[in-house]
Amino acid sequence: MDAAQQEATARARELQRNWYGEPLGTLFRKLIDDLGLNQARLAGVLGLSAPMLSQLMSGQRAKIGNPAVVQRVQLLQELAAQVADGSVSAAEATDRMDEIKRSQGGSVLSNTTHTTNSSGAPTVKRVVREIQSLLRSVAAAGDIIDAADTLAPTHPELAEFLRVYGAGRTSDAVAHYQAHQS
């Protein structure tokens, strides 16, 4: 790789860090490891070709152009966290990955078919997951914790919010949300 290619790759990875919280190579490798996938299976679940996934991972391409694919990445990150905390089994994760593969993406809040209870209101868990997804799409968990630590002395409630929703477990975030509703 010549100097110009190295510079372009470094720039693409920096853009990925800004857009997705970390370089996509790092993010995709975590999903592969956490969910027991290979690159071909990950590409299939996301709805990307294997060459496109490879280009994103290597920094030859910076951005995921399809919003539905970005949404699937976020759903897989949530699923990986649930597998890690034991709230979803490996068998359930396989079924959920098949659901994610079939999903069309788009805003979770506007897709009301699976996100509402009998009164038509979004479920607490769905709202919490949307908040978590939004926070995690702008910064990595470590950066969110650093921001929370910086805010803690002067804004402890905001620091707690960042820790709970940005880096915590969904069950803890649900409890926080319910405790703070008037």
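## Aromatic pairs and a helix contact

F161 comes out as partly exposed, since its relative accessibility is 27%. Keep in mind that this is a predicted model. F161 belongs to one of the two aromatic pairs in the structure, and a contact of two helices rounds off the tour.

**The pair in helix 9**
- The ring centres of F161 and Y165 sit 4.5 Å apart with planes at 35°, so this pair is called tilted.
- Both residues are found in helix 9 (residues 156-167), where they are four residues apart, or about one turn of the helix.
- Y165 has a relative accessible area of just 2%, so Y165 is buried, whereas F161 is partly exposed.

**The pair of W19 and Y20**
- Here the ring centres are 6.3 Å apart and the planes stand at 80°, which is over the 60 degrees needed, so W19 and Y20 form an edge-to-face pair.
- W19 is partly exposed at 36% relative accessibility, while Y20, at 13%, counts as buried.
- W19 has another neighbour: K63 lies over the face of its ring, 5.1 Å from the ring centre.

**Helix 5 against helix 6**
- The axes of helix 5 (residues 67-84) and helix 6 (residues 90-102) come within 10 Å and cross at roughly 170°, so the two helices are roughly antiparallel.
- On the helix 5 side, the contact is made by R72, L75, L76, L79, Q82 and V83.
- Helix 6 brings A93, R96, M97, I100 and K101 to the contact.
- Sorted by type, the contact residues are seven nonpolar, one polar and three charged.

Methods
Residues are numbered from 1 along each chain as its sequence is written. This is a predicted model: local features need pLDDT of at least 70, side-chain atom pairs count only at pLDDT 80 or more; totals for chains, interfaces and linings use all residues. Side-chain values use heavy atoms; hydrogens and water are left out. Rings of Phe, Tyr and Trp (its six-membered ring) pair if their centres lie within 6.5 Å; planes under 30 degrees apart count as stacked, over 60 as edge-to-face and the rest as tilted. Buried means under 20% relative accessible area, exposed over 50%, partly exposed in between (1.4 Å probe, protein chains only). A charge sits over a ring if NZ of Lys or CZ of Arg is within 6 Å of the ring centre and within 35 degrees of the ring normal. Axes are lines fitted to C-alpha atoms, for helices over the stretch in contact, and angles run from 0 to 180 degrees between N-to-C directions. Angles under 35 degrees count as roughly parallel, over 145 as roughly antiparallel, 65 to 115 as roughly perpendicular and the rest as oblique. Contact means heavy atoms within 4.5 Å. Ala, Val, Leu, Ile, Met, Phe, Trp, Tyr, Cys and Pro count as nonpolar, Asp, Glu, Lys and Arg as charged, and the others, Gly among them, as polar.
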